Amino acid sequence: MGLLIYLNGKLVPEEQAKISVFDHGLLYGDGVFEGLRSYQGRIFCLEEHLQRLYWSAHGIMLEVPLSRQALRQAVMETVKANKLKDSYIRIVVTRGVGDLGLDPRKCPRPTIFIIASKIQLYPESYYEKGLKVVTVATRRNLHESVNPAIKSLNYLNNILAKIEANHAGADEGLILNHAGYVSECTGENIFVVHGQVLATPPVHAGVLAGVTRKVVMELGRSLGLEVREQNLTRHDIYVADECFLTGTAAEIIPATSLDGRPIGTGRPGPTTGRIRQAFKEKAIREGIPVYETE
Ligand code: PMP
């Protein structure tokens with residue numbers, strides 16, 4: 001049975017969930033999105049994701065056509081309609097239908113849709129052996145252009161980086177910013193462990209303020225680590241004890257080599273393991289219940 005998709009206020013079967021070829025989300029990548037997860041019937045970090053969606057929309061002067069309360073409700077309804085417990089949820093808001101010019105003033109009504117489904121970015125074995133990462137030549141966007149803090153539908157830069165990583169036979173691509181500092185991977189934030197220090201690049205290094213990143217920084221502190229947001233070079237990763245990536249879809253995944261050099265022992269490390277475990281427990285415990293609100 002196919003999925004039920006929330007599209008502009010209605011739940012429709014996926015075969016009927018169609019948008020116009022004149023939608024500027026499609027024609028120009030003019031829109032924003034969010035990716036969330038539910039664990040055991042609870043949506044994890046719902047408010048943080050909604051907040052970032054509204055900020056992303058504000059950043060491109062797009063009005064989300066639902067109040068925060070109505071959107072929260074729509075997300076819940078979509079998960080419920082598909083009877084999902086463990087799910088991946090995608091919210092997309094586009095500028096809507098316009099003409100063939102790019103002027104957003106010609107798009108009177110934003111399009112909004114929500115997909116509640118499943119996702120597995122990497123097979124389970126990758127969480128046990130870790131990812132092979134390579135530095136790609138594609139640089140992170142400048143803040144003055146499409147700010148990387150906006151989760152916009154313009155992911156081509158990240159896709160080009162992913163293609164480079166694929167061609168190099170790697171699992172992920174490490175993207176540097178214009179100054180040569182580490183920003184993030186194509187769809188995940190990056191962390192390194194040096195002894196008792198857990199470090200990740202600051203948002204101004206050109207990273208998305210990841211929701212998982214924030215949770216991991218909190219978990220790191222509660223596990224007694226010194227958590228730092230600081231500029232990192234590739235050298236900091238080469239000499240790290242451990243390295244891992246974070247994202248809603250990927251969750252927490254070890255990275256065990258960079259540019260063909262093993263990181264630490266070349267195997268997922270104990271601190272990454274402790275953080276992964278703490279994250280799993282928190283995700284199950286702290287989400288907003290979907291099914292107990294009726
Ligand atoms: N960086 C980029 C470029 C992303 O697209 C994402 C989300 N897929 C992340 C980092 C991780 O963010 P979050 O933990 O909020 O999913």
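**Exercise 1.** Start at tyrosine 6: which residue of β6 stands opposite tyrosine 6, and which strands pair with β6?

*Solution.* Step 1: across from tyrosine 6 you will find isoleucine 114, in β6. This is a predicted model, in which local features need pLDDT of at least 70, side-chain atom pairs count only at pLDDT 80 or more, and totals for chains, interfaces and linings use all residues. Residues are numbered from 1 along each chain as its sequence is written, and side-chain values use heavy atoms, with hydrogens and water left out.

Step 2: strand β1 (residues 4–7) runs antiparallel to β6, with two bridges joining them. Strands here are DSSP runs of E with at least two residues, numbered from the N terminus, and two of them pair if DSSP finds at least two bridges between them.

Step 3: β5 also pairs with β6, antiparallel and over seven bridges. Within this pairing, valine 92 has phenylalanine 113 as its bridge partner.

**Exercise 2.** Is threonine 94 buried or exposed, and which side chain makes a polar contact with its side chain?

*Solution.* Step 1: find threonine 94 in strand β5 (residues 87–94).

Step 2: its relative accessible area is 2%, so threonine 94 is buried (under 20% relative accessible area, with a 1.4 Å probe and protein chains only).

Step 3: the side chains of threonine 94 and aspartate 23 share a polar contact of 2.6 Å. Such a contact is a pair of N or O atoms within 3.5 Å; within protein, one must be able to donate a hydrogen and the other to accept it, and residues adjacent in sequence count only if both atoms are side-chain atoms.

Conventions
Helices (H or I, at least four residues) and strands (E, at least two) are DSSP runs, numbered from the N terminus. Buried means under 20% relative accessible area, exposed over 50%, partly exposed in between (1.4 Å probe, protein chains only).
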